[in-house]
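Here are a few exercises to work through with the model open beside you. Try each task yourself before you read the solution.

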Amino acid sequence: MTSIALALSGGADSLLSLALLKEQNAHVFGLHALFLPATAKDLERISNLRTQCRLLGVRLETIDLSDAFEKQIIQPFIRAYTQGKTPNPCAWCNRDMKFGLLFEAARKLGADQLATGHYCRIQPSVAGPGLFRGLDPSKDQSYFLSLVGASAWKQVLFPLGERFKKDVLPALKRRGLNAASEEESQEICFIPDNYRSFLSSRGILLPGPGPVVTREGKQIGTHQGLWRYTQGQRRGLKIAYAHPLYVIDKDIRTNTLIVGSRDQLWASTCTAIHANIMVPPAHWPEHPLVQTRYRQQAGRARVRLVGKTLEVEFITPQEVPTPGQVLTVYSREGQVLAGGIIV
Ligand SMILES: Nc1ncnc2c1ncn2[C@@H]1O[C@H](COP(=O)(O)OP(=O)(O)OP(=O)(O)O)[C@@H](O)[C@H]1O
């Protein structure tokens, strides 16, 4: 009988996923990973997970991945961030931790398949089982999974792929189950408050105020530290000007923030490196859909794969992409064709 490891976070989505698999009579066990050194709160969460697993009649395994998480996720994040990029550590974590080391640990514990509470679907495709968007558009997480190697999808299950987030808590309640944390997970799990206090806790002091200049090179104000701003941002600039100002770019070397008008915010091309190909380009439509941030409507584009680089030309210009973020290429049916890192 196929054995399934369900990656349990302590949150509502993965707990409901476990219950759903159990109700289908799957041979399933829970697997919880510590990504950060354990605190009293973590021990409380694990104790709650034990109770929930007992109620469901499944075993719970725990593994400590905190050393690997520190080396492979947190330290590269700090390096990229101090180089002025806006990295996407959740996408790396999915690739290297959840569908990497966690999956490996699950196999060692006897699992043939890994299930998670992500809002994504696995569907048959020309390239074998493929990754598709989750049906709930407000929760679809396929963007964050686009760096995971395509071979994973043969052995992965997403029990919530066809469900809607709003139904999750009522569904748990009906079953008499309680997640330790019913809140949405915070944006980046290892940054509890803000980037600056996280980095200063690591002995890194980010540069302070510096000049704000227009695209044309005119200095029009002072910023409060580049780390506070991301491309496309409008709020918080606190500069009175003839027209609304948006963050266009950051120059880390000179500690300068470059701003401009809304029409200077659009880009017609974008390049992404370290391409992860899920479907060979020969099977891509002429104009696939490209997404360069999580909360963004994907736009039609021409995409060329040159070596391991994705060269994108948007049919209609898109908001300036942010270096370090993920670029995901989709088919019209919502299948992830490729992912890469924006440069
Ligand atoms: N510490 C962990 N140990 C094992 N699996 C985890 C852990 N954290 C997250 N996961 C898995 O990754 C999925 C997506 O995680 P994410 O942090 O995006 O949480 P989420 O969408 O709020 O889901 P949940 O409500 O289950 O926490 C989870 O549903 C779970 O399957």
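**Exercise 1.** Which helix is Ser14 found in? Work out its surroundings too.

*Solution.* Before we start, two housekeeping points. This is a predicted model, where local features need pLDDT of at least 70, side-chain atom pairs count only at pLDDT 80 or more, and totals for chains, interfaces and linings use all residues. Residues are numbered from 1 along each chain as its sequence is written.

Step 1: find the element. Ser14 sits in helix α1; helices are DSSP runs of H or I with at least four residues, strands are runs of E with at least two, and both are numbered from the N terminus.

Step 2: check burial. With 24 other C-beta atoms within 10 Å, Ser14 is buried (20 or more means buried, 12 or fewer exposed, in between partly exposed, with C-beta atoms placed from the backbone).

Step 3: list the partners. Skipping residues up to four places away in sequence, Ser14 touches Leu6, Ala7, Leu8, Ser9, Thr116 and Gly117; a contact means C-beta atoms, placed from the backbone, within 7 Å.

**Exercise 2.** Is Gly10 buried or partly exposed? Place it in the chain as well.

*Solution.* Step 1: Gly10 lies in the loop between β1 (3–7) and α1.

Step 2: count neighbours. Gly10 has 19 other C-beta atoms within 10 Å, so it comes out as partly exposed.

Step 3: leave aside neighbours within four places in sequence, and Gly10 is in contact with Arg45, Asn48, Leu49, Ala179, Ala180 and Ser181.

**Exercise 3.** Describe the shell around the ligand, then set it beside the UniProt record.

*Solution.* Step 1: the shell has 16 residues, of which Ala7, Ser9, Gly11, Ser14 and Gly117 come nearest (a residue is near if its C-beta atom, placed from the backbone, lies within 6 Å).

Step 2: two elements, α1 (12–23) and β2 (27–34), give two or more residues each. The largest share, three residues, is from α1.

Step 3: turn to the record. An unreviewed UniProt entry lists Ala7, Leu8, Ser9, Gly10, Gly11, Ala12, Asp13, Ser14 and Gly117 under "binding site"; positions follow the numbering used here, feature names are shortened, and annotations may be inferred rather than shown by experiment. These residues spread over 111 residues of sequence, yet they cluster in space, with a largest C-alpha distance of 12.0 Å.

**Exercise 4.** How many helices and strands does the protein have?

*Solution.* The tally is six helices and 17 strands.

How values were computed:
Two residues are in contact if their C-beta atoms, placed from the backbone, lie within 7 Å.
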